[in-house]
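Grab a pencil and work through these exercises with the structure open beside you. Try each task on your own before you read the solution.

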Amino acid sequence: MHVIVVGGGISGLAAAHRLLAAGLRVTVLESNRRLGGKLHTGQIAGVQVDLGAESLLARRPEATELARAVGLGDALRPPAVTSAAIWTRGDLRPMPRGQVMGVPDSAAALAGVLSDSGLARIARDAELPPLAVHEDVGIGQLVAERMGNEVVDRLVDPLLGGVYAGDAYRISLRSAVPKLYEAVRKHDSLLAAVRSLRPEPSAAGARTPVFTGIEGGVGTLAAAVAEDVAGRGAVIETGVAVTGLRRTARGWVAALDDGRSLAADGVLLAVPAPAAARLLAAEAPAAAGELGSVEYASMAIVTLAFRRSELATLPRGSGFLVPAVEGRTIKAATFTSGKWDWAAAADPELFVLRVSVGRWGEEGALEWDDADLVRVALDDLGEAAGLRATPVDSVVTRWWQGLPQYTVGHDARVARVRGYLAGLPGLGLCGAAYDGVGVPACIGGAEQAAAELLRTLPTGPRVEAGE
C-alpha cells in the first residue's frame with residue numbers, strides 16, 4: 001500500500017519512519033527546499049549550531065528512541081550546565097525551584113523574583129475558597145486569581161513564552177500543563193496541587209536530566225531520519241507543494257503545484273494547521289474551519305559568536321528568560337557554548353550564544369533588518385549580563401508563524417477535528433498544532449497518527465503511485 005506524507009518536518013519524517021516499518025510504500029512531499037522544519041542547523045563563525053529547536057525533553061522517550069533508531073544514539077548529550085536565570089526587577093536571578101511552569105509550591109520559592117507584596121499574595125492561596133476547576137482555563141487567569149498577577153507576569157509568562165511565544169493568560173492549562181490541570185481538580189488550593197507533583201526524592205526520574213541534546217545540533221536528527229527513510233525506499237521530494245486533496249473510491253489523489261496528480265491509499269498531513277485547513281477545505285470543511293482558527297506566533301533567533309578573549313567575563317549557566325513586563329526586546333537567551341560541551345569544543349576560542357525575539361501579537365521587531373535585531377540583542381545582553389563586545393559573526397533566523405498557540409479549549413478543538421475526520425478512511429493529521437509543540441511530542445504524535453492511519457486504510461485493490 002502507498003501513503004503520501006505531506007510535510008517533511010520532523011513530524012512528517014517520523015511518520016514516514018513508522019509507516020515504512022509497517023511495510024508500506026511512502027512518498028514524502030515537502031514544499032520547501034529543505035527538510036526538517038523547525039529542526040535546522042547552520043554555521044556561525046565555522047561552528048555548527050541549531051538555528052531552530054536546540055534541545056529535547058529527555059523525560060519523554062520518543063525523540064531519543066528515534067535518534068537511536070537512526071544511528072545517533074552515541075551523539076546524545078546532556079547539557080553541561082542546567083542552571084538558568086530570569087532577568088527581572090533589574091537583575092539576573094536564579095530560576096526558582098519548586099515550581100511547575102512558573103506556578104510555585106510556596107511563596108518562599110520566589111523570594112527575590114517577586115516583590116514582598118507579590119510573595120504575600122501567593123501565600124493567600126491557601127486561605128481562599130477551594131479550587132473549583134471543572135473546565136479548561138487559561139493558566140495565567142487561574143494563577144492570577146489564586147496568587148496574583150505578579151507571579152504570572154514575572155515567572156509563568158516568561159516560562160510559557162519560552163515554549164509557545166504566547167500570552168500566559170490565553171494559554172490552555174489543560175493542553176499546556178496537563179498534569180497540573182489534573183492536580184488542580186483534585187486539590188483545594190493551587191499550592192497543594194503543585195506540591196502534589198513534586199518528584200519523589202528516591203525516584204530514578206529525579207536524577208534524569210530534564211533536557212538532552214545531540215552533538216552537532218538537534219537539527220541533525222531530521223537529517224538522519226530523512227537519510228534513513230530514503231535508504232529504506234521512501235520517495236522524498238522537496239520544493240513540491242500539494243495544492244489540493246480529492247477522495248476517490250480507491251483512496252486519495254493529491255494535486256501538486258507542478259501539474260502532477262499523485263494517487264495513494266492514504267494521506268497523512270504533517271503541516272501547520274492553516275496549510276492543513278486549505279487542503280481539507282473541499283473534503284472536510286468543518287475540520288478545515290476548526291484548523292483555520294488555530295493562531296500562531298512568529299519569532300526570530302539571533303545567534304552571535306564572540307571571541308572569548310574579548311569578553312570581560314563569560315556568561316554563566318545555560319541562559320535566562322525575560323518577562324514581557326520588563327519591556328525588553330529579547331525574551332530569552334541561551335548560552336550555547338556554556339550549555340553544550342560539543343559546541344564549546346568546536347572552537348575553544350569562541351563563545352556562541354543566541355537570543356529569541358517575538359511573542360504572540362508582537363511581530364513588529366521581526367520586520368527590522370538583521371543589523372537592527374543584532375544591535376538590540378547586544379544592548380539587552382549588555383544590560384542583563386554585562387556582555388559588551390563586538391561579535392565576530394551573527395546569524396538571524398526568522399520563524400514566521402512558527403509556534404501554534406494552545407489557547408483555552410485547544411483539546412476540545414483537536415477532538416472535534418479528529419471527530420470530523422473519523423469518517424474519512426486513509427486520512428491522518430500530525431504536527432505541533434495538536435498534541436504538543438516539543439520535538440518528542442511531535443514525534444510521538446506522528447507515530448500515533450501513522451498507527452491510526454494504518455488501521456483505517458481501505459482493503460481491496462491497491463493504488464499505484466501516479467495512478
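**Exercise 1.** In what order do the strands of the open sheet of 7 strands lie, and what kind of pairing do they have?

*Solution.* Keep in mind that you're looking at a predicted model.
- Step 1: walk across the sheet and you meet the strands in the order 8-7-18-19-20-17-21, with mixed pairing.
- Step 2: look at the edges, where strand 8 (91-94) and strand 21 (393-404) each pair on one side only.
- Step 3: check the twist, which averages 25° from one strand to the next.
- Step 4: find what packs on this sheet. Helix 5 (residues 149-164) does, and the strands it touches include strand 7, strand 17 (296-307) and strand 21. The direction of helix 5 makes about 120° with that of strand 7.

**Exercise 2.** How many bridges join strand 7 to strand 8, and which way do the two strands run?

*Solution.*
- Step 1: count the bridges between strand 7 (residues 84-88) and strand 8, and you get 4.
- Step 2: compare the directions; the two strands run antiparallel.
- Step 3: pick out one pair. Start at Ile 86, and you'll find its bridge partner, Arg 93, in strand 8.

**Exercise 3.** Why is one side of strand 12 and of strand 22 left without a neighbour in the sheet?

*Solution.*
- Step 1: lay out the open sheet, whose 5 strands come in the order 12-2-1-16-22 with parallel pairing.
- Step 2: strand 12 (235-238) and strand 22 (427-429) stand at the edges with a single partner strand each, so one side of each has no neighbour in the sheet.
- Step 3: add the twist, which here averages 15° from one strand to the next.
- Step 4: zoom in on strand 2 (residues 25-30), which is joined to strand 12 by 4 bridges and runs parallel to it. Thr 27 sits opposite Val 235 of strand 12.

**Exercise 4.** What do strand 14 and strand 15 form, and how many residues lie between them?

*Solution.*
- Step 1: strand 14 (residues 251-256) and strand 15 (residues 261-264) pair in the antiparallel sense, with 4 bridges.
- Step 2: one facing pair is Ala 255 and, in strand 15, Ser 261.
- Step 3: the two strands form a hairpin, with 4 residues between them. In the turn, Gly 259 has a positive phi of about 95°.

**Exercise 5.** Is Val 210 buried, partly exposed or exposed?

*Solution.*
- Step 1: locate Val 210 in the loop between helix 8 (190-195) and strand 11 (211-214).
- Step 2: recall the cut-offs: buried is under 20% relative accessible area and exposed is over 50%.
- Step 3: Val 210 has 38%, so it counts as partly exposed.
- Step 4: look around. Val 210 forms a nonpolar surface patch with Leu 57 and Phe 211, with about 230 Å² of accessible area together.

Key: Residues numbered from 1 in each chain as written. Predicted model: local features only at pLDDT ≥ 70, side-chain atom pairs only at ≥ 80, totals over all residues. Heavy atoms only, no water. Pairing = 2+ DSSP bridges. Axes fitted to C-alpha atoms, helices over the stretch in contact; angles between N-to-C directions. Contact = heavy atoms within 4.5 Å. Patch = residues over 30% accessible without salt bridge, like charges linked within 9 Å, V, L, I, M, F, W, Y side chains within 5 Å. Areas by Shrake-Rupley, 256 points an atom, 1.4 Å probe, with all protein chains shown as cover. Salt bridge = Lys/Arg side-chain N within 4 Å of Asp/Glu carboxyl O. Buried < 20%, exposed > 50% of the residue type's maximum accessible area, 1.4 Å probe, protein only.
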